[in-house]
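Reader: I'm new to reading protein models. Could you walk me through this one?

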Amino acid sequence: IGKYTHELFAQKIAVEYKKEDYRIKTSVDPIVKFESKIMMERINLDNIIEKGDEVIAVEEFHKHYLKNGVELVGIFDLVLLKQSTKGPYIQVFDLKTGHKVSKEVDLQCIIYTLLAHKNYPGLPIHFTVYSAKTGDNWGKFFSSREASELEDIIEEYCDEVKATVES
């Protein structure tokens, strides 16, 4: 259900906002189609993509290697260039179709913010999570400087996890 809902989400944005063709699987279980369509009906794109926003990417893959060799990977469901009174910033939007514990979302927030900083340097990053099941959203804003400092934090965390596993 999650994978197909993400495909429907990406298709809707690509067609409506980027005027691009976006093909999705046609042979999907009817129950999956039904559940996914219910989730999509709950998503109001007008509350996500505001007037003046530029849709930069949909389902965009990113990868970065830390100095310790750890590979960070993420797929941004939606990337927007937004404007505020303080200037432009990047919003990385992540659609959740299941139930995630906050620790997973917090770690994903840090990783995705760093990946966005590497791909859109010099701009503040706003990471936003939206639940297609409940309509809830959560977000955290990082200045460009704060986003750049995340690399050391993630690397230290990875070293701690590695040390714990080895012991």
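**Buried side chains and a helix pair**

Author: Gln91 is buried, at 6% relative accessible area (buried means under 20%, exposed over 50% and partly exposed in between, with a 1.4 Å probe and protein chains only). Keep in mind that this is a predicted model, where local features need pLDDT of at least 70, side-chain atom pairs count only at pLDDT 80 or more, and totals for chains, interfaces and linings use all residues. Residues are numbered from 1 along each chain as its sequence is written, and side-chain values use heavy atoms, with hydrogens and water left out.

Reader: Which side chain is joined to Gln91 by a polar contact of 2.7 Å?

Author: Let's place Gln91 before picking: it sits in strand 3, residues 87-96 (strands, E, have at least two residues and helices, H or I, at least four; both are DSSP runs numbered from the N terminus). A polar contact is a pair of N or O atoms within 3.5 Å; within protein, one must be able to donate a hydrogen and the other to accept it, and residues adjacent in sequence count only if both atoms are side-chain atoms. The side chain of Gln91 has a polar contact of 3.2 Å with that of His126. The 2.7 Å one goes to the side chain of Thr128.

Reader: And is Thr128 buried or exposed?

Author: Thr128 belongs to strand 4, residues 125-131. Its relative accessibility is 9%, so Thr128 counts as buried.

Reader: What about His62: which residue does its side chain meet in a polar contact of 2.8 Å?

Author: His62 is part of strand 1, residues 54-65, and with 5% relative accessibility it is buried too. Its side chain makes a polar contact of 2.6 Å with the side chain of Glu60. The 2.8 Å polar contact is with the side chain of Asn119.

Reader: Over to the helices. At what angle do helix 1 and helix 2 pack?

Author: Two packed helices are described by the angle between their axes and the distance between the axes. Axes are lines fitted to C-alpha atoms, for helices over the stretch in contact, and angles run from 0 to 180 degrees between N-to-C directions. For helix 1 (residues 2-17) and helix 2 (residues 30-42), the axes are 9 Å apart and the angle is about 50 degrees.

Reader: What do we call that arrangement of helix 1 and helix 2?

Author: Angles under 35 degrees count as roughly parallel, over 145 as roughly antiparallel, 65 to 115 as roughly perpendicular and the rest as oblique. With an angle of about 50 degrees, helix 1 is therefore, relative to helix 2, oblique.
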